[in-house]
Amino acid sequence: MARMTTWTIAPEPYDSPVAAALWRAYCTEVSDRWYLLHEGHRTDPAELEREIAAYTGAELTRPKGELLVARYGGAPAGCAGVRLLAPDTAELTRVFLYEDLRGRGGGTPLVHAAEDAARALGARRMILDTRTDLVAARALYARLGYTETERHNEDPYAEHWFTKDLSPAHAPLRPAAAPARSRTARR
């Protein structure tokens, strides 16, 4: 008999040990991927430490943002952040799952939970940016109804920009099995 493992997603303080470990893993992966692709080496450890320290995630707190942590079978597995850029526009950021947990159905409920958090903050539109080499992320966003749009920031590493209408008329019908602030999916 196959055992089902549960994904749960809930808000997490940006400065918790769980959030710090996920932020470090996210920064390390995306930075190393960029440097390996463009310069043939991993990130200089000192540079990585500066980046981690510079972007604490403090903007991912209510009333202007939220950090969500996904857990798989109860263990921290990934995260997503939402921050308001304008009263009706939120940015999706820090979307990440540990590599060994990708492909197990966690990305969709994580992004849906972030969309619900953005709506709760008053957003009617979500925007995000990503890079060309993050193929799986771009495919996930497209599958979830995000469309590529014009540049909306000056991030030197961003190569693709997406948007999605979050207004009630465009909200997908999803099972109401889990509260919007703590979403559960089985896989």
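This passage describes strand pairing and the cysteines in a predicted model.

Strand 5, which spans residues 125-130, pairs with strand 4 and with strand 7. Its pairing with strand 4 (residues 89-97) is parallel and comprises three bridges. Within this pairing, E91 lies opposite I127 of strand 5. The connection from strand 4 to strand 5 passes through helix 3, residues 107-120. This β-α-β crossover is right-handed.

The pairing of strand 5 with strand 7 (residues 160-165) is antiparallel, with six bridges between them. One of the residue pairs here is M126 and K164, the latter being the bridge partner in strand 7. Strand 5 is thus joined in the parallel sense to strand 4 and in the antiparallel sense to strand 7.

The cysteines were examined next. A disulfide is a covalent bond between the sulfur atoms of two cysteines. Zero disulfides were found in a search of the whole structure. For C27, the closest cysteine sulfur is that of C79, at 9.4 Å, and a bond is ruled out because this is too far. The cut-off for a disulfide is a sulfur pair within 2.5 Å. C79 likewise takes part in no disulfide, and the cysteine sulfur nearest to C79 is that of C27.

Both residues were also assessed for accessibility, where buried means under 20% relative accessible area. C27 has a relative accessibility of 8% and therefore counts as buried. C79, at 4%, is buried as well.

Key
Residues numbered from 1 in each chain as written. Predicted model: local features only at pLDDT ≥ 70, side-chain atom pairs only at ≥ 80, totals over all residues. Heavy atoms only, no water. Pairing = 2+ DSSP bridges. Helix = DSSP H or I, 4+ residues; strand = E, 2+ residues; numbered from the N terminus. Right-handed = clockwise from strand over helix to strand, strands pointing away. Buried < 20%, exposed > 50% of the residue type's maximum accessible area, 1.4 Å probe, protein only.
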